Amino acid sequence: MLTTLANIKHILQKELFNSSNERVLSVVTVTKTYKKKRACYLCIVTTPPPVPVVTVCVVKQSEQREGEYKKKRTWQMEEIKWVDGRNEQSETHEFDLQIEKTYKWYALNLSERQNFLAVLYKQIHKYVRSHKAEFRNIPSAWLNEKSPEKLAAERNAEQKTTQDTEDEEEAQEFTALTDKEATELGKLFSECDFAVKDAEQLIEKLSKELHDLDGANMQSVLASEKQVMQLMEHIDKAIIEADSFEKRLDSYEEILGHVKETMEKIGGKNAMIEIANNNNIKLMKELNKVITQLDLPHEHQKALDEPDLKNAVGRKAAIAAAQCLQQAMNSDIDPSLLRLEAVQDQRKRFEKWKAKFSGIVSRFMNNLFIHLGNELGDNTTMSTDLVLPNHVSVHRELTPYTELMHWTKAMDRKTYDGLTRVYTTSLSKIYERDIKNFFALAKIQVSEKLRTSREDLDISVSSRKSVVSAAPYGTLGVNRDQWGVGADNADRERFDSVLEKVLAELEPVALQEQMFCINFFQMDVISPTSKNTQTTLDALEKSTDSSSILTSPTTASGGGGGGDASGFPQKKIDRQINEEVRKLMMALFGCLEPELVSFIQSYERIDSFYSLYVLVRLTQHVMSAQDTHSFLSMTFASALVQVKRNFDRFMQQQLQSIKEAKLPKRSKCGILPYVENFEYFAQTAEGIFRKSDRRTDMEKWYLQLVNAIFESITVHAQEHSKTPSQVVRMENYHHMYSLLAQLKVQGLEAQKKEAKLRYNDALKMYVIQYFGRPLEKLNLFFEGVQQKVAQGVKETEISYQMAFSKQELRKVISQYPAREVKKGLENLYKKVEKHLCEEENLLQVVWHAMQEEFIAQYNFLEERIQKCYAGAMITLEFNIQDILNFFSDIARSH
């Protein structure tokens, strides 16, 4: 059985695993439990050192090619969760492996199963570091003893060793005689020539000689007893000498032990001295470092006590002293050294210098901000050009004090916040005045005609309140004569150019102020606290809170990729900085957005088409902004949201006006108001949105408006009492088709095709209904002919029928002389002319369609006559040329 297992291992090792440089540790032949399938092999395989990897794999023999083996599945030792032997009895064939799922196996050989489970247990406990697989229902002896394979190998080895030993003994028993022994043996046999004849005599003689030799040996031993005694005496003396030498060595060892102990004590004292010296050196260095860090030179102390901030030299000295003080107060000192009394005294002196210098800076900068604000406020010169004044002179005046503001933010947040409020208060009044004057001048530059139109609109609206309010200008569902006062394209374009000038002037001023504030107030630096800034020397009071120690300012662009030293994410830092910048800019330009919205809405109330211009223009500026998070971009975006709402409201009103439109009270319906007005609306909108990024918004509304127009045309066509519905649909769909073809809007291609289809359907229906069949009796006659043919009468025999004889046909034809036919067509032309409107000019189109219809009917009748009355020489009194002449003459005469 073990030989079979060895053969399987040998075959698999040779055929499959040698190529991958792997070694088979154990193999078991298995099938899946409860499934009668071809047997496969579960193998435990390892890779060679230095880092062996042990795996369990399933190997199957190929069904196509005998002797070819393939790996099907492979699992690492770590993937095995538990092994279940199903029963602790050794005769059990089944066992389970829980990996990603439970695999149930049936071992064909019990010895292979035992060996496989034992090797698997050993390999898991040897190479798996954590979460080792649990072994259940397996005899404990299998897991502790050697595998059956190894036991068999050891037995084979023992058998081989025993055999070798026996062979050696046999070799030792048979030893060849030397030459001397052979000579002696020959001599013995020569002296005893009787040995061949009498063996007993030879044995007796040899025994006697052996006895004599033994006696001689005993005598020799007794004779050497004296020498033996002497040897024993010498040995006893040697032992005594050895004992003496050993005692002397013990004494030497004891002496060396005392020497060692003394030397160790001396070495320990030297080590303590060296440690003390090293500690003194380190202490000296640390104290020197603390003294150096906390030292504030005398010239800096003087500059902090009596700073001269007005001239450049004094200001430079004060800034250098302040930075030196900041560096000293934020020194990297061990927290334990902060408890030193000298350090605490120096801290108190630093606090006094900081408080005094901060107060001087606060008063100086406060007065400077107020002075600059008052100086600009006195300058009330008005410019006639549409230009928003910038305040580069203020920025230039304040730039030398930038480092002082940075120091104030880092060292005294309360003073910093106060100075920021003073700056915004002083400058916001100036910006408010400039912006209001700027927008007032912008309104002045918009045409006088537009303002007059606005006044007329107010008067018109107030005068009509008692009767009917005028519809807003450009309302699609209302006749133009009922529109209120609006603006023409020239006024709108003038407004658009002024709006572009306004937006272009706002951008550099606002961005310039924002960049100055970010740099001057150091707004790209996150402050550690919201109160007075904490320093390293404050850490003694909050020594348990290490996060309160400020070592360096945290900037939006500094440090690692994930955020600042405090652990804040970079996105959160950027968001906080942007929020602070917007708050400051809002305090400076608080009136900007209201003024901009008011400027826009004042013209949108006059004419809603202005919202289209504003939507396009504002979108351009928002999309082209370099910093989308800047205050101005956010202001424009907020205004854009309101403009978009107004635009959508205007378009919704247009859509509603189409649905609520009323039919015109006139004899001819003609072109409906919303169809006629849509042409003006679409051309105006296309002129505005043609190259705009907002074109998609307009096209979405185009679809809704056109679909609403199509629905309303169908509804209103049925409601007009004097104009046929086919005419209403034909004229209005034709008008919409012509307009959509002219606009060439890509998104309305489907609507254009729909308009053409509806127009053709209406034209066809109108021709069928009002042209009818001018040769009615003749058509009825041939309808009867068709019925006879359908009943089985041949076409050539129709003339023999009494009701359809040649005479009857001639009687019917005689009722339609050419003169009467032409007269009927003239009456029809007058009726068509009465139905159609002149604006759309479809009369000739309809008349031509009726001509085609008449010719088609004529050809049908002629064809019937030729088939059923061939050779009878019967024809109508007019031909196709006559018909063409009839239609042409009638059209020319009118």
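What follows is a short dialogue about a predicted model.

Student: Why does the structure hold zero disulfides? What about Cys-43?

Tutor: Take the sulfur of Cys-43. The closest cysteine sulfur is in Cys-57, at 4.7 Å. A disulfide needs the two sulfurs within 2.5 Å. So this pair is too far for a bond.

Student: What makes Cys-43 buried?

Tutor: Its relative accessible area is 0%. Buried means under 20%, so Cys-43 qualifies.

Student: Why is the contact of Glu-22 and Lys-71 called a salt bridge?

Tutor: Their side chains meet at 2.9 Å, N to O. The cut-off is within 4 Å, so the pair counts. It links distant parts of the chain. Glu-22 sits in the loop between helix H1 and strand S1, and Lys-71 in strand S4, 49 residues apart.

Student: Is Glu-22 buried or exposed, and how do you know?

Tutor: Glu-22 is buried, at 15% relative accessible area. That is under 20%. Lys-71 has 37%, so it counts as partly exposed: the value falls between 20% and 50%.

Student: What makes Lys-501 and Glu-505 a salt bridge?

Tutor: The N to O distance is 3.6 Å. That is within 4 Å, so the term fits. Both residues lie in helix H15, four residues apart, about one turn of the helix.

Student: How do you know that Ile-266 is partly exposed?

Tutor: Its relative accessibility is 41%. Partly exposed lies between 20% and 50%, so Ile-266 fits. Ile-266 lies in helix H7. Together with residues including Phe-245 and Leu-249, Ile-266 makes a nonpolar surface patch of about 700 Å².

Notes. Residues are numbered from 1 along each chain as its sequence is written. This is a predicted model: local features need pLDDT of at least 70, side-chain atom pairs count only at pLDDT 80 or more; totals for chains, interfaces and linings use all residues. Side-chain values use heavy atoms; hydrogens and water are left out. Patches are made of residues with over 30% relative accessible area and no salt bridge: like charges are joined within 9 Å, nonpolar side chains (Val, Leu, Ile, Met, Phe, Trp, Tyr) within 5 Å. Accessible areas come from the Shrake-Rupley method with a 1.4 Å probe; for residues, only the protein chains shown count as cover. Helices (H or I, at least four residues) and strands (E, at least two) are DSSP runs, numbered from the N terminus. Buried means under 20% relative accessible area, exposed over 50%, partly exposed in between (1.4 Å probe, protein chains only).
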